[in-house]
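Reader: Could you take me through the aromatic side chains of this model, and what surrounds them? I'd enjoy a close look with the geometry spelled out.

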Amino acid sequence: METLNLLTGLVENHQVLAYILIYLGIIFEGDLFLISTGILAHLGALDFGFSLAFILLGGFSKTFFGYALGEFLQKRFNHHRVFQYIERRVYGVFPRFKTHPFWHIFVSKFLMSTNYLVIIFCGYEKIDYKKFLQAEVSSTLIWAPGLLTLGYFFSYAAFNITREVSKFLLVLFILYIIFVLFDKLVTWLYEMFEEFYHAR
């Protein structure tokens, strides 16, 4: 318990740095930082509402910067093999991306490791900016509080199972692995659905 209190105390004493790291973490990583923030909010180290504000700020920043990065790279490195990979990856998951961009941009937010590629791809392909923003903003407004609450629940569940630090962290790790595997399963099922629908 002392180590857990030490961790929460450390975060509480460096909250400005913690919120900056949350903002940057959401831009560059996403899910893990979001769930970790929910855990720290449950432990009392961070304020839930304030954390959500920084998470949303980071999520929207990723939206704007990612699209701009896609536009920039399209001008400077058009037809580079990196974009051939991104294109294959995006169309592998979303074969009807060009005909239904809003839905696929929205869904990509909830599938690990696809949203970053989709955002950059949107800028690269110059997908209608208004439609892009509508899809990204609406999905972020669901994704951010949803995963933050999930992290809060993970911490609550682990805390009710054990108060020992090592076991607490082990339970959190197991819950996170279950989440990742579930996300992979959902991604696979979505790919199968798209493949079946596209083949009709």
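Author: Happily, and let's start with a charge over a ring: Lys 109 lies over the face of Trp 143, at 5.1 Å from the ring centre. A second case of this arrangement involves Lys 62, which is placed over the face of Tyr 116, 4.2 Å from the centre of that ring. Please keep in mind that this is a predicted model, and that the distances here are computed from it.

Now for rings meeting rings. Searching the whole structure gives 15 aromatic pairs. Take Phe 50 and Phe 54 as one of them: their ring centres are 5.3 Å apart and their planes stand at 65°, over the 60 degrees that the edge-to-face class needs, so this pair is edge-to-face. Both residues belong to helix 4, which covers residues 48–76, and they are four residues apart, or about one turn of the helix. As for their surroundings, Phe 50 is partly exposed with a relative accessible area of 44%, and Phe 54 is also partly exposed, at 22%.

Phe 153 and Phe 154 offer another geometry: with centres 6.4 Å apart and planes at 50°, the pair counts as tilted. Here the two partners fall into separate burial classes, since Phe 153 is partly exposed at 46% relative accessibility, while Phe 154 is buried at 6%.

Aromatic residues also gather in a group: Phe 102, Trp 103, Phe 106 and Phe 110 make up one aromatic cluster.

Moving on to the surface, Phe 173 sits in helix 9, residues 165–199. Together with Leu 170, Ile 174, Ile 177, Ile 178 and Leu 181, Phe 173 makes a nonpolar surface patch of about 580 Å².

What about the interior? In soluble globular proteins, nonpolar side chains tend to be buried together. In this model, the largest nonpolar core has 31 residues, and the members touching the most others are Leu 34, Leu 46, Ile 55 and Phe 179. At least two residues of this core come from each of helix 2 (15–28), helix 3 (31–42), helix 4, helix 8 (129–161) and helix 9. Helix 8 gives the largest share, eight residues.

Two helices therefore come up twice in this tour: helix 4 holds the Phe 50 and Phe 54 pair and supplies core residues, and helix 9 carries Phe 173 of the surface patch while also supplying the core.

Key: Residues are numbered from 1 along each chain as its sequence is written. This is a predicted model: local features need pLDDT of at least 70, side-chain atom pairs count only at pLDDT 80 or more; totals for chains, interfaces and linings use all residues. Side-chain values use heavy atoms; hydrogens and water are left out. Rings of Phe, Tyr and Trp (its six-membered ring) pair if their centres lie within 6.5 Å; planes under 30 degrees apart count as stacked, over 60 as edge-to-face and the rest as tilted. Buried means under 20% relative accessible area, exposed over 50%, partly exposed in between (1.4 Å probe, protein chains only). A charge sits over a ring if NZ of Lys or CZ of Arg is within 6 Å of the ring centre and within 35 degrees of the ring normal. Patches are made of residues with over 30% relative accessible area and no salt bridge: like charges are joined within 9 Å, nonpolar side chains (Val, Leu, Ile, Met, Phe, Trp, Tyr) within 5 Å. Accessible areas come from the Shrake-Rupley method with a 1.4 Å probe; for residues, only the protein chains shown count as cover. A salt bridge is a side-chain nitrogen of Lys or Arg within 4 Å of a carboxyl oxygen of Asp or Glu. A nonpolar core is a set of buried Ala, Val, Leu, Ile, Met, Phe, Trp, Tyr and Cys residues joined through side-chain atoms within 4.5 Å.
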